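Biologist: I am new to reading models like this one. Could you walk me through the features, starting with the general idea each time?

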Amino acid sequence: QVQLAESGGGLVQDGDSRRLSCVASGLPTVMGWFRQAPGKERTFVATIRMIGARTRYAPSVEGRFTISKDNAKKTVYLQMNNLKPEDTATYFCVAGDFMREAPSEYANWGQGTQVTVSS
């Protein structure tokens, strides 16, 4: 079991940038981010292999969001640029063995950090 701790959420304006961080207790094979807006299901945002750095993004964020990592710090980042009100959600860090897009594929979840984008 990997413990995950997110940080970096907050209130931003339409078009602003924000960087989320997630520190892991170990070094998983894959880490990533999901988000959940009020009244909606959790959806995939991005994922990265911790060895090799292969990445995958949801179409809704590709080109605006960048996932990156620092293996020495056991940390993954989500740089979010040109934020929009529809990006408002609780963002969850995940860790697992494969680069999947279904929430059920990840056994390890952080508590989440809220990002609110005002128009």
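Modeller: Gladly! Let us begin with surface: accessible areas come from the Shrake-Rupley method with a 1.4 Å probe. This is a predicted model, and the accessible surface of its chain comes to about 6100 Å². Carbon and sulfur atoms account for 45% of that surface.

Biologist: How many helices and strands does the chain have?

Modeller: There are 11 strands and 0 helices. Reading from the N terminus, the order of elements is β-β-β-β-β-β-β-β-β-β-β.

Biologist: What radius of gyration would a compact globule of 119 residues have, and what does the chain have?

Modeller: A compact globule with 119 residues would have a radius of gyration near 14 Å, and the chain has 13 Å, so the two agree. Along the principal axes, the C-alpha trace spans about 40 × 25 × 25 Å.

Biologist: What percentage of the residues count as buried?

Modeller: Here the cut-off helps: buried means under 20% relative accessible area, exposed means over 50%, and partly exposed is in between. Of the 119 residues, 42% count as buried. Contacts add to the picture: among those between residues at least 6 apart in sequence, 56% join residues at least 24 apart.

Biologist: And the charges? How many are positive, and how many negative?

Modeller: The chain has 14 positive and 11 negative charges, and their mean positions are 5 Å apart.

Biologist: Next, the aromatic rings, please. How do I read a pair of them?

Modeller: A pair of aromatic rings is described by the distance of the centres and the angle of the planes. This structure holds 4 aromatic pairs. One of them is formed by phenylalanine 34 and phenylalanine 44, with 5.8 Å from centre to centre and 75 degrees between the planes, an edge-to-face arrangement.

Biologist: In which strands do phenylalanine 34 and phenylalanine 44 sit?

Modeller: Phenylalanine 34 is in strand S4, residues 30-36, and phenylalanine 44 is in strand S5, residues 42-49. The two are 10 residues apart, and their pair links distant parts of the chain. Both phenylalanine 34 and phenylalanine 44 are buried.

Modeller: Another edge-to-face pair joins phenylalanine 92 and tryptophan 109, at 6.0 Å centre to centre and 70 degrees between the planes. This pair also links distant parts of the chain: phenylalanine 92 is in strand S9 (residues 89-96), while tryptophan 109 is in strand S10 (residues 108-109), 17 residues apart.

Biologist: Is phenylalanine 92 buried or exposed?

Modeller: Phenylalanine 92 has 6% relative accessibility, so it counts as buried. Tryptophan 109 has a relative accessible area of 22% and is therefore partly exposed. Ring pairs also tie residues together into a cluster made of Phe34, Phe44, Phe92, Tyr106 and Trp109.

Biologist: Which residues does glycine 32 touch, beyond those up to four places away in sequence?

Modeller: Glycine 32 touches Ala46, Thr47, Ile67, Phe92, Cys93 and Val94. Glycine 32 lies in strand S4, and its relative accessible area of 1% is why it is buried.

Biologist: Could we look at serine 21 too? Where does serine 21 lie?

Modeller: Serine 21 lies in strand S3, residues 18-24. At 15% relative accessibility, serine 21 counts as buried. Leaving aside neighbours within four places in sequence, its contacts include Ala5, Glu6, Trp33 and Tyr77. The C-alpha atoms of serine 21 and glycine 32 are separated by 11 Å, with their positions 11 residues apart along the chain.

Biologist: What about a residue in a loop? Is glutamine 111 buried or exposed?

Modeller: Glutamine 111 has a relative accessible area of 71%, so it is exposed. It lies in the loop between S10 and strand S11 (113-118). Glutamine 111 is in contact with Glu6 and Phe92, leaving aside neighbours within four places in sequence. Its C-alpha atom is separated by 7.2 Å from that of glutamate 6, although the two are 105 residues apart along the chain.

Biologist: Finally, how do I read phi?

Modeller: Most residues other than glycine have a negative phi. In this chain, lysine 74 has a positive phi near 55 degrees. Lysine 74 is placed in the loop between strand S7 (65-70) and strand S8 (75-80), and its 34% relative accessibility makes it partly exposed. Asparagine 82 has a positive phi too, near 50 degrees. The place of asparagine 82 is in the loop between S8 and S9, and with a relative accessible area of 41% asparagine 82 is partly exposed.

Key:
Residues numbered from 1 in each chain as written. Predicted model: local features only at pLDDT ≥ 70, side-chain atom pairs only at ≥ 80, totals over all residues. Heavy atoms only, no water. Helix = DSSP H or I, 4+ residues; strand = E, 2+ residues; numbered from the N terminus. Rg over C-alpha atoms; globule rule 2.2 N^0.38 Å. Buried < 20%, exposed > 50% of the residue type's maximum accessible area, 1.4 Å probe, protein only. Contact = heavy atoms within 4.5 Å. Lys, Arg positive; Asp, Glu negative; His and termini not counted. Charge placed at Lys NZ, Arg CZ, Asp CG, Glu CD. Phe/Tyr/Trp six-rings, centres within 6.5 Å; stacked < 30°, edge-to-face > 60°.
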